[in-house]
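Work through the following exercises with the coordinates open beside you. Each one sets a task and then gives a solution in steps.

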Amino acid sequence: MNFSLETKNLKWALLAGSISLGGMLLAAVPIKMLTDSGANQAAVSAPSSESLSSPQLIERGSQFFAMSCAHCHGDDAHGDEGPDLYNLPVSNAYIKVMIKRGVKGEMPTFAKKYNDDQVAALVAYLRSLR
Amino acid sequence: MLIDPTLWPKLHGASVHFPVALAMAAALFEGLGFFLPNSTRHKQNLHLAGYYLIILGALGTFPAVLSGLFMTHGATMGHGALLFHHLFVWPGFTLLVGLGVWRALVGDKFTRWGFGVYLIGLFLTAGLMAGAGYWGGELLLNS
């Protein structure tokens, strides 16, 4: 009798697991739309993904990187005192905020040193690190 | 209204440790309860603790997964460490919810054979959660 209770509830368990997984994967779509629109708001002057691949912008960003970031993140950006910056799994807006705000006790703020266009160049350079 | 982009990483960090720890503790308690002889006084207590732990663990996965999805802008796979993290997260999440529902419905009316299968699933889930945690840590340290 208990065995039939177990198998009967196995169906509910499979259903709950499948629905939860499917629900989360489906929820990822509106979440992506929602967060991307928020990121666009945050990155008022941040360039689009297309313009981020501009060689001039990347070159400019690499100069800023060498001036302000390389001593902690390494000349090749593979990390030193600070972390490796290759293949950053975060949005452009997030990178921009991190550069501007810094990380308390770990990384200084660059909000006064670099304007939005310069930060965008840095983001372009960091995005080119793959 | 603009949401602070550091909110989601903070919420993910705050919520993600609960289901990992609860799944592992559930596996430990249910495993001990399963292998202890019937005459042992604590056998039922261990199963009762495991019962609540797996249910709470299953419930705890939802805020953890949702905050993770918001943090990664809806990325369900990604690449590098994030991909490995997700390869552990999705089966772990599915198993944890499924096992939590099964355990909640079956209660203490289980056969030894059925519970043995549940226990194997539970240990597998705990392993997957540990793997997800490991790659989550790699993401944090190397990004």
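The expected span of a helix is 1.5 Å times one less than its number of residues. The model to which this is applied below is a predicted one.

**Exercise 1.** Compare the expected span of helix 3 of chain B with the distance between its end C-alpha atoms.

*Solution.* Begin with the extent of the element: helix 3 of chain B covers residues 81-106, which is 26 residues. Next apply the rise of 1.5 Å a residue, which gives an expected span of 38 Å. Finally, take the end C-alpha atoms, which lie 37 Å apart, so the distance agrees with the expectation. Just beyond, helix 3 of chain B is followed by B:Gly107, whose phi is positive, near 60°.

**Exercise 2.** Describe the contact between chain A and chain B, starting from how many residues each chain gives to it.

*Solution.* Chain A contributes 36 residues to the contact and chain B contributes 35 residues. Together the two chains bury about 2,900 Å², of which 74% is on carbon and sulfur atoms. Within the area that chain A buries against chain B, A:Glu6, A:Met24 and A:Pro89 supply 22%, more than any other three residues. Turning to specific pairs, the rule finds 0 salt bridges across this interface, whereas it finds 2 residue pairs in polar contact, both at pLDDT 80 or more. The elements of chain A that give two or more residues to the side touching chain B are helix 1 (2-42) and helix 5 (92-101), and helix 1 of chain A gives the most, with 25 residues. Sorted by class, that side of chain A has 20 nonpolar, 10 polar and 6 charged residues.

**Exercise 3.** Which parts of chain A does the salt bridge between A:Asp116 and A:Lys96 tie together?

*Solution.* Over all chains, the search finds 4 salt bridges. One joins the side chains of A:Asp116 and A:Lys96, at 3.8 Å from N to O, and the cut-off for such a pair is 4 Å. Since A:Asp116 lies in helix 6 (residues 116-127) of chain A and A:Lys96 in helix 5 of chain A, the pair ties together parts that are 20 residues apart in sequence.

**Exercise 4.** Where in chain A should the coordinates be read with caution, judging by pLDDT?

*Solution.* Take the chain average as the starting point: chain A has a mean pLDDT of 82, with 86% of its residues at 70 or more. Among the elements of chain A, helix 2 (residues 49-52) has the lowest mean, 64, and helix 6 the highest, 91. Over residues 40-47 of chain A the pLDDT is below 50, although this stretch has 15 contacts in the model beyond near neighbours in sequence. Where pLDDT is low, predicted coordinates should not be read in detail.

Note on methods:
Residues numbered from 1 in each chain as written. Chains lettered and ligands numbered in written order. Heavy atoms only, no water. Contact = heavy atoms within 4.5 Å. Buried area = accessible area lost by both parts, 1.4 Å probe. Polar contact = N/O pair within 3.5 Å; in protein donor to acceptor, adjacent residues only side chain to side chain. Helix = DSSP H or I, 4+ residues; strand = E, 2+ residues; numbered from the N terminus. Nonpolar A, V, L, I, M, F, W, Y, C, P; charged D, E, K, R; others polar. pLDDT = per-residue confidence, 0-100.
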